[in-house]
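Thank you all for coming. I would like to use these few minutes to talk through enclosed space, open space and the contact between chains, and I will take them in that order.

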Amino acid sequence: MDVDPRQYEQIKINDKDTHNIILSYLIHDCYKDTLESLVASTGLKVSATHLEDMEKRKRILHFALEGNALDAIHLTEQMAPDLLENNKDLLFDLLSLHFVELLCSRKCTEAIEFGKAKLTPFGKVQKYCEKLEEFMGLLAYEEPEKSPMFHLLSLEYRQHVVDNLNRAILEHARMPRYSELERIIQQATVVRQCLSDELGKDVLLPFSLKDFLKRS
Amino acid sequence: MENSTTMIGPKGVIKRHEFVRILIQCLYSLGYDKSAACLESESGISYKSSEFKLLESLFLGGDWEGCIDKLYELKEMTDEQRDAALFLVSRQYFLECLGRGNDSLALSVLRKRISKLQVDRKEVHMLAFGLFSLGDVGWSDNNYDSDAFQELRSYLFNEVEKVIPPPITVPDRRLEHLVEKVVSSQISSCIYHNSLDQVSIYKDHRCGRDQIPTETVQILSAHKNEVWFVQFANNGNYLASSSSDCTAIIWKVLEDSKLVLEHTLKSHQNPVSFVAWSPDDTMLLTCGNSEVLRLWDVETGTCKHTFGDNGFLVSSCAWFPDSTRLVCGSSDPKKGICMWDCEGNEIKAWRGIRMPKISDIAVTPNGEYLISIFSDRDIRILNVGMNTERVISEEHLITSLSVSGDSKYLIVSLNSQEIHMWDVEGNLKEPLTYKGHRQHKYVIRSCFGGANGMFIASGSENSQVYIWNRRISDPIEVLSGHSMTVNCVSWNPKRHQMLASASDDQTIRIWGPTVREEKRCNKEL
């Protein structure tokens, strides 16, 4: 079953809603310049503190993505003092990013020192042990990129940690963890999936946002 | 120096040099170091090969690089074996570096020597962990001295030895292993083997038929009608028998293996076709096809309890290992299987349409499985703990069910003149079969017996008793003596050479081994 696209035209969309959706997305992902442009073109208001916070957040995330986890941690602690204290998983992930950075720069002795000081304390808690083993295991390889744990060195992995950090900081500032745009797409996908399942039509492919957009 | 190609033995398939080497190993393992060294010098054959001795000295001396190089040189190893040995050597190298605080060398060993081996990745990662905290690889933070290293090295080298193949090493205890293999094989093929004792290696092992019961040693005639059932107590000190004369009798087995009547249990109104000893042998259950179930105290011979009533017909019963719970099956389809305690309280019941007529029931001695025969042709094996069951459907009428002492096997007698053996857990797709006896019309029962449960015995309609070795489907002995159909047999679980049989000729016969001529003469004198 597929809804007749002409039915979409029945639904009226408020301009303000559209603007807010885009706004929330830009804020969420720290696109400062684009945001300023949009504000100038549409006459929407964004507070100065909002912009400042966004700038700070952007710097933090940028450091983390580059692999400079120590600065990212430092700034996060300045901006949101108890955030990492209460979010040990995130702290571990960030520290391990630094560890990986040291390894990739072939600074092995430093890496071992850092690991001993900062990472091994996590080993007392069972749930970190497996992850710890994986990171420590990287040491055994002269070329960590060729080890079974090479994914820990990848950009995707760093991006994943950065996303988590972003959401944590937003949550701390009582802002939504997910932008409105993301939420809408998630909701549409899930609902479509449910409908497909309920109707039980095997002939229907799993919902693909891309295809859906192409068609409309 | 011995010529490596000299052979020994009549067939010339054994190399003398190898034979001497395993002899030397045997002497060392038995603790005869001096003799072993003497043999080494006299024969010129060394227990440890020269390559092995070199490896050993490199390892114990801590020359790790030398040891590793040597391992790469050895040609008779597969890559897998080599990697296993290299791992053990490199790991010790790594750990000793750590122990001495030489972290950078340790790291280099980990990366260059260990990481590239074909070994479990987890082991490698665990070692990496050791760079961070020595405690986790089993070492405390003390500084290690060379004595501790030395001891550890000796112990570990034994582990290395195990992964290095022959001919560089000799597998542990090789001579004992070879001899044991032959002896086990002889015991396996010994069809009359009926004891748990050790055998002598002075001669090839082969038991004669004097190991199993083959002749009548006693006839018990107390019953006044057909004897339908016999069973020895679990401790082998009593025999219970039941008859169509409506009684059951408890006999005592004396020291000299003679049986005497102890109690006659009277109060049934109808023929008693089944008895069951409690696992602790203090109680006996009796029942019949049209009868209630009675519980008797063995010591006093009095009836302690009656289960059911005229409307409740129990066909067979069995005990759970704790001697406090019993199950009985009914020939009345509506009654199913009931579990009671000794006071008569019902604990559990399996009823319903899926519970048709039960003709026989048993519990494995370990209490894990409840086995029942229903609708005369189906064997239902219920795993009591997990409440799962499986059913084996036979094509012919089943007349008896017996379970082996080790709880692993069951046998059923079929009126197609075959006995089928199945395993309880369900690995066998086809049963093992035993034939030779006669069974068409009547209920004929069979049982396991012998020192390891290696024998099967059965009654027969041609008044004979049949004995099989489980490995062979034809009987190894056929015992004559009864004058009418033999209904049931029971093998004494503790006196492995005593067998009892119950017959329509109103007697019970006790069978024992054939006493040899000289012994018999001596006895008469």
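Let me begin with a term: by a cavity I mean a set of grid points where a 1.4 Å probe fits but cannot get out, and the volume I quote is the space filled by probe spheres set on those points. Please keep in mind throughout that what you have in front of you is a predicted model.

With that in place, the search over the whole structure finds two cavities of 30 Å³ or more, and the second largest of them has a volume of about 40 Å³. Which residues line this second largest cavity? They are Arg21(B), Tyr47(B), Lys48(B), Ser49(B), Phe52(B), Glu161(B), Ile168(B), Thr169(B) and Val170(B), and, sorted by class, that lining has four nonpolar, two polar and three charged residues.

Turning now from enclosed to open space, the largest pocket holds about 1,100 Å³. There are 46 residues in its lining, and those closest to the pocket centre are Gln231(B), Asn234(B), Pro365(B), Val403(B) and Gly405(B). If you would like to trace the lining along the chain, the strands of chain B that each supply at least two residues to it are β4 (227–232), β8 (274–277), β12 (314–319), β16 (358–363), β20 (398–403), β24 (446–449) and β28 (486–491). In terms of class, the lining of this pocket divides into 27 nonpolar, 14 polar and five charged residues.

The last topic is the interface, where 16 residues of chain B are in contact with 18 residues of chain A. The area buried between the two chains is about 1,600 Å², with carbon and sulfur atoms giving 65% of it. On the chain B side, Arg111(B), His125(B) and Phe132(B) lose the most area to chain A, and together they account for 47% of what that side buries.

As for polar interactions, the rule finds four salt bridges across this interface, and Lys116(B) forms a salt bridge with Glu142(A), in which the closest N and O atoms are 3.0 Å apart. There are also seven residue pairs in polar contact across the interface, counting pairs with both residues at pLDDT 80 or more. The elements that give two or more residues to the chain B side are α6 (103–114) and α7 (121–130), and α7(B) provides the largest share, seven residues. By class, that side of chain B divides into eight nonpolar, two polar and six charged residues.

Terms used: Residues numbered from 1 in each chain as written. Chains lettered and ligands numbered in written order. Predicted model: local features only at pLDDT ≥ 70, side-chain atom pairs only at ≥ 80, totals over all residues. Heavy atoms only, no water. 1 Å grid on protein atoms, 1.4 Å probe; cavity = no way out; pocket = protein on both sides within 12 Å on 5 of 7 lines; lining within 4 Å. Helix = DSSP H or I, 4+ residues; strand = E, 2+ residues; numbered from the N terminus. Nonpolar A, V, L, I, M, F, W, Y, C, P; charged D, E, K, R; others polar. Contact = heavy atoms within 4.5 Å. Buried area = accessible area lost by both parts, 1.4 Å probe. Salt bridge = Lys/Arg side-chain N within 4 Å of Asp/Glu carboxyl O. Polar contact = N/O pair within 3.5 Å; in protein donor to acceptor, adjacent residues only side chain to side chain.
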